[in-house]
Amino acid sequence: MTTARVLVIGAGLAGSDAAWFLASRGVSVVLAEVKTLKKNPAQKIPHFAELVCTNSLKSLDPDSAHGLLKTEMRAMGSLILSVANETAVPAGDALAVDRELFSLAITEKLTTHPNIRVVAVEAGDPLALMREFECQHVIVASGPLTTSPLEQWMVENLGAEDIYFYDAIAPVVDADTLDYDKLYYKDRHKKPDERADYLNAPMNKEQYDAFIAAMVAAEKVPPKDFEDWKFFESCLPIDLMAERGPETARFSCMKPIGLELPDGTEPWAVVQLRKENLAGAAFNLVGFQTRLTYKEQVRIFRMIPGLEEASFIHLGSCHRNSFLNSRRLLNASMTSLKYPELSFAGQITGVEGYTESAAMGLYVAGQLWKRINNQAELVWPKETAIGALVNYVMTIEKPTPSNINFGLLPSVELTKEQRKMGPRKKVRKSFAAARAREVFEVFRDQL
Ligand SMILES: Cc1cc2nc3c(=O)[nH]c(=O)nc-3n(C[C@H](O)[C@H](O)[C@H](O)COP(=O)(O)OP(=O)(O)OC[C@H]3O[C@@H](n4cnc5c(N)ncnc54)[C@H](O)[C@@H]3O)c2cc1C
């Protein structure tokens, strides 16, 4: 039993797994949660680890990115996953749960754990609260809807320019599903023979007008009652641009200037695709953050030349979401560069999703556990799912919360023989999954 005491703020997906991880190793944990005092509008039940939307923790398929993440989380003793198994409902190869039983069981396990003291508190200054409860470390896991006193503290003490309150995500497409005959590489204003990073989808006037008209008429996701969408003019949703007038997008992210076609002519409008990762396995649609419903996005974005058969790794969205620019504020253990007692876990670090958030709770608790024991913190290999998530939030220049997906893992170069084994995308994923398992098997001894 160590004498270390850790305050965990937020008993959501990340906070629950972090508290359990530390308490199971003999650390005294104070778990501070506000929801019994006041719920946010997305919360409906008084229990911990509430799944505020779907009841699915995604795929169990060991060859999927979510399957890999689960394998690693289980090895770390994830409470979230063990309770999810106990409260699972039939959902094919996905892990879906009875959400009430799930949250109730987690609450019971945490509140009855001898090393955990649960307190109903709304945190403001996390360091003051840490001292009040005589702790030496604090993990903030207050999630996408962190309440305003804590948000205010972060703005004032960590830096307003590195804290985000909305998430405007552009869709990401799988590179293997693009029709390259209709696309061309060129960076704005670079000569055609210069090396270019952007892939461009040109549109003629007819295609552009039809595209804009489709967005204007399409179904949009309305803001939730707790969301007051105020968009930055420099980051407007593409469908809102379409509503502002037929020419708006053409003078903004779809402008053709400097993007002449290989024959030297200028298209009417252009959709630019930017590599999501070094390997170029995925591309995001530049400036295409959107309020369109998922169904409409798939229908309308497939109108873009070259994207007719596109498979989307994730779709665009706009929603309330507090998260940090981790690359600038934290070290690789998600500990504040300014306050070494303060770490962050969960969605607030820049990941997205229930499972990813819980995984980041385990990761941060694991790093803190090493620190408490005066051991070197771990460097998770990027080939693993958790290592890939950490690498993503620590390297992405323009923070955009992400789910786990194969685009975050280093790419796999296929040999000639391997290329013949089936569709390229499928074969690459299965090799990346096999490599992740192998690398994790070697690494797990250090946990
Ligand atoms: C409306 C909405 C829908 C979503 N739908 C999905 C989905 O379908 N699938 C999916 O995978 N992900 C979804 N997400 C994302 C998902 O919520 C998060 O990924 C996940 O719950 C985040 O885990 P977390 O532990 O970081 O935060 P949370 O699970 O939100 O936990 C944070 C906890 O901190 C508490 N808290 C906040 N501020 C304070 C404070 N000042 N003091 C003390 N406690 C505090 C909160 O009450 C909460 O219990 C959705 C998010 C939102 C907002």
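## Parallel sheet

Strand β1, residues 5-9, pairs with β2 in the parallel sense, and five bridges join the two. Within this pairing, Val 8 of the strand stands opposite Leu 31 in β2. The coordinates are those of a predicted model.

Both strands belong to an open sheet of five strands with parallel pairing, in the order β6-β2-β1-β7-β16. At its edges are β6 (116-120) and β16 (342-344), each of which pairs on one side only. From one strand to the next, the twist averages 20°. Helix α1 packs on the sheet and touches β1, β2, β6 and β7 (137-140). The direction of α1 makes about 165° with that of β2.

## Ligand surroundings

There are 28 residues around the ligand, and those that come nearest are Ala 14, Glu 33, Thr 54, Thr 147 and Gln 347. Sorted by class, the shell has 14 nonpolar, 12 polar and two charged residues.

Two of the polar contacts involve the protein backbone. A polar backbone atom of Ala 14 is 2.8 Å from an oxygen atom of the ligand, and a backbone N or O atom of Ala 123 lies 2.9 Å from a ligand nitrogen atom. Thr 147 contributes through its side chain: an N or O atom there is 2.8 Å from a nitrogen atom of the ligand. The protein buries 89% of the 980 Å² that the ligand exposes when taken alone. Three elements give two or more residues each to the shell, namely α1 (13-24), β2 (28-33) and α11 (354-372). Of these, α1 and β2 also appear in the packing described above, where the helix touches the strand.

## Antiparallel sheet

A second open sheet has six strands, paired in the antiparallel sense and ordered β10-β11-β12-β13-β9-β14. Its edge strands, β10 (184-185) and β14 (312-314), each pair on one side only.

The partner of β10 is β11 (residues 199-203), and their antiparallel pairing runs over two bridges. Tyr 184 stands opposite Asn 200 in β11. Helix α7, residues 205-217, lies across β11 and β12 (269-275). The helix runs at about 95° to β11.

## The two sheets side by side

The five-strand sheet has parallel pairing, whereas the six-strand sheet has antiparallel pairing. A helix can be placed against each: α1 makes about 165° with β2, and α7 runs at about 95° to β11.

Conventions:
Residues numbered from 1 in each chain as written. Predicted model: local features only at pLDDT ≥ 70, side-chain atom pairs only at ≥ 80, totals over all residues. Heavy atoms only, no water. Pairing = 2+ DSSP bridges. Helix = DSSP H or I, 4+ residues; strand = E, 2+ residues; numbered from the N terminus. Contact = heavy atoms within 4.5 Å. Axes fitted to C-alpha atoms, helices over the stretch in contact; angles between N-to-C directions. Near = heavy atom within 4 Å. Polar contact = N/O pair within 3.5 Å; in protein donor to acceptor, adjacent residues only side chain to side chain. Areas by Shrake-Rupley, 256 points an atom, 1.4 Å probe, with all protein chains shown as cover. Nonpolar A, V, L, I, M, F, W, Y, C, P; charged D, E, K, R; others polar.
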